[in-house]
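Hi,

Here is the structure I promised to send over. Have a look at it first, and my notes follow underneath.

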Amino acid sequence: MSDHTPLYIQNSLTREKERFAPLNAPYVGMYVCGPTVYSNVHLGNVRTFLTFDIVYRHLIFLGYQVRYVRNITDVGHLTGDSDDGEDKIGKKARLENLEPMEIVQKYTNDFHDVMRIFNIKSPSIEPSATGHIVEQIEMIKQIIARGYGYESNGSVYFNVRKFSEDFPYGQLSGRKIDDLLNNTRVLDGQDEKNDPLDFALWKKADVSHLMKWPSPWSEGFPGWHLECSVMSTKYLGNAFDIHGGGMDLKFPHHECEIAQNAGATGEGNSVKYWMHGNMLTVNGRKMAKSEGNGFTPEELISGSHPLLERGYSAMTVRFFMLQGHYASTLDFSNAALQAAEKGLERLMKSLETLKKLPATSDKDNAAAKIDELSNRCATAMGDDFNTPILISVLFDAVKLINKVQDGQLAISKTQKDALQSMIDGYVFDVLGLEVEGVAKTEESDETGPLLDLLVNLRSEAKSNQDWSTADAIRNALSELGVTIKDGKEGSTWDRE
RNA sequence: GGUCCGAUGGCCGAGUGGCUAGGCUCAGCUCUGCAAAAGCUGCUACAGCGGUUCGAAUCCGCUUCGGACCUCCA
């Protein structure tokens, strides 16, 4: 690991790009805030999980042993920050006439399906909030014991003001206690709190509330921020390397998490590198369910959403997202998707070309270039996971492959293998792109010889200058989705 | 209202004190029976106005526009 190109990570906590050094190399602990499973995930959610999929993949690529924890939020949190707010999962359960845990299961399954479609790797541990109620109650006890929590009418709140006297609060999100106080909105049902800044550790449930558990304070449910504090430290230790999530979780969620962990242990911030992925926008606005501009992966692939001119494959979308840096907002548009689709197609075609590329042993003028390309790939990923730069280098590799194919450059067997392993590493392992239409490829194993036969017949017709037969074959195959490519070395075919 | 971020060529998107990614589109050329594919070439941009500097798209200030967070949110 130490002999690799160094890895730099933009740390949200310090606002600096820092050289990555794990607490206990070669082990790396990474926690990412997962989805709340009360409805289908939309594409904006996918972007965040894709961002950390790249982080996970690249760390593995560099040789680290990563424990990746990504939670499932399945406790019904409130729809608003008031006592009369309904819990989201309970609400959905009533609407769909299902048990709350049925809702949780249904949307967890959906989430997993989506992750699979986008080739996003499963985490090492995927803990659920409802499976850690006991631990959450324990942490509340610790927080109370240290004087940072108080009970009020069966609920327990975190005393932000008291905490901020002993520890920095608001460091991650760049907020100051006094500013927060001046700008806190007046919300209903906050009279239980001593201070509007305080947040819930435990909420007493009312009679209609479906998801509730016994506790020393009341029958109720844990506060939203608590589960991540508990599950991250339970599986990764009090101090761990990377904590990730969407930008919109920075405040209050992650700020509260830091406070809870510090408040429970008496030690400061336990996370070395905080990372935040930026939002996916549509027409310049954040994709969100409440905006009505969110679409699900199913709608995307089928093209059934009004915002979509047509359907796009999951890999096209994955590639599209990776052409932008994770820390920048990315605007979703049909034109951009179509551009990405063509680019990805060109990239993948050249990888097919590479496999069949003739290696020459006599002259080899590609060697230096392949070395350079490989270094540029490593540098790009080492610079805060800069996938757009990486992709630009890969397109330079495409150019090189095509030039060899075109006879403008020669490549030795050794260099060809080096190029192949670079491609395998960065395109498939790190970027996680995969060849689409695998089923078709398998099928082509049977029809392949037939197509070869037709192409040969056409070549014969061509050599007889029988253009009408040649064109008839080409047109007929074209209608079946098979493209004939005439090259210097004869004709080949390619399936759409 | 507070805090923070952004504005890049026809489009999408990197980058960054001097040598100006990449993709898509468009035009021309090479190859080709024609076409497709591929290759080559061209299209030189950094919101506006000031300032710092030998030099700024990159640093500083102001202006305009857009966005995020401050409430559940990836």
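A quick bit of vocabulary before the notes: a helix here is a DSSP run of H or I that covers at least four residues, and helices are numbered from the N terminus. With that in hand, glycine 63 sits just after H1 and takes a positive phi of about 100°. Do keep in mind that this is a predicted model.

While we're on H1, it runs over residues 43–61. Its 19 residues should span 27 Å at 1.5 Å a residue, and the end C-alpha atoms are 26 Å apart, so the two agree. H1 is also largely enclosed by the rest of the structure, because 16 of its 19 residues are buried.

Now for the RNA. There are 54 residues around RNA strand B, and the ones that come nearest are Lys88, Trp224, Gly246, Leu249 and Lys286. Sorted by class, that surface has 21 polar, 19 charged and 14 nonpolar residues. Helix H13 (residues 387–405) gives the largest share of it, with 7 residues.

Which part of the strand faces the protein? Of the RNA strand B atoms within 4 Å of the protein, 65% belong to sugar or phosphate, and the rest to bases.

A few phosphate contacts to look up in the viewer:

- Histidine 325: a polar backbone atom is 2.7 Å from a phosphate oxygen of RNA strand B.
- Aspartate 331: a backbone N or O atom lies 3.0 Å from a phosphate oxygen of the strand.
- Asparagine 386: here a polar side-chain atom lies 3.2 Å from a phosphate oxygen of RNA strand B.

Cheers

Notes
Residues numbered from 1 in each chain as written. Chains lettered and ligands numbered in written order. Predicted model: local features only at pLDDT ≥ 70, side-chain atom pairs only at ≥ 80, totals over all residues. Heavy atoms only, no water. Near = heavy atom within 4 Å. Polar contact = N/O pair within 3.5 Å; in protein donor to acceptor, adjacent residues only side chain to side chain. Helix = DSSP H or I, 4+ residues; strand = E, 2+ residues; numbered from the N terminus. Nonpolar A, V, L, I, M, F, W, Y, C, P; charged D, E, K, R; others polar. Expected span 1.5 Å × (residues − 1). Buried < 20%, exposed > 50% of the residue type's maximum accessible area, 1.4 Å probe, protein only.
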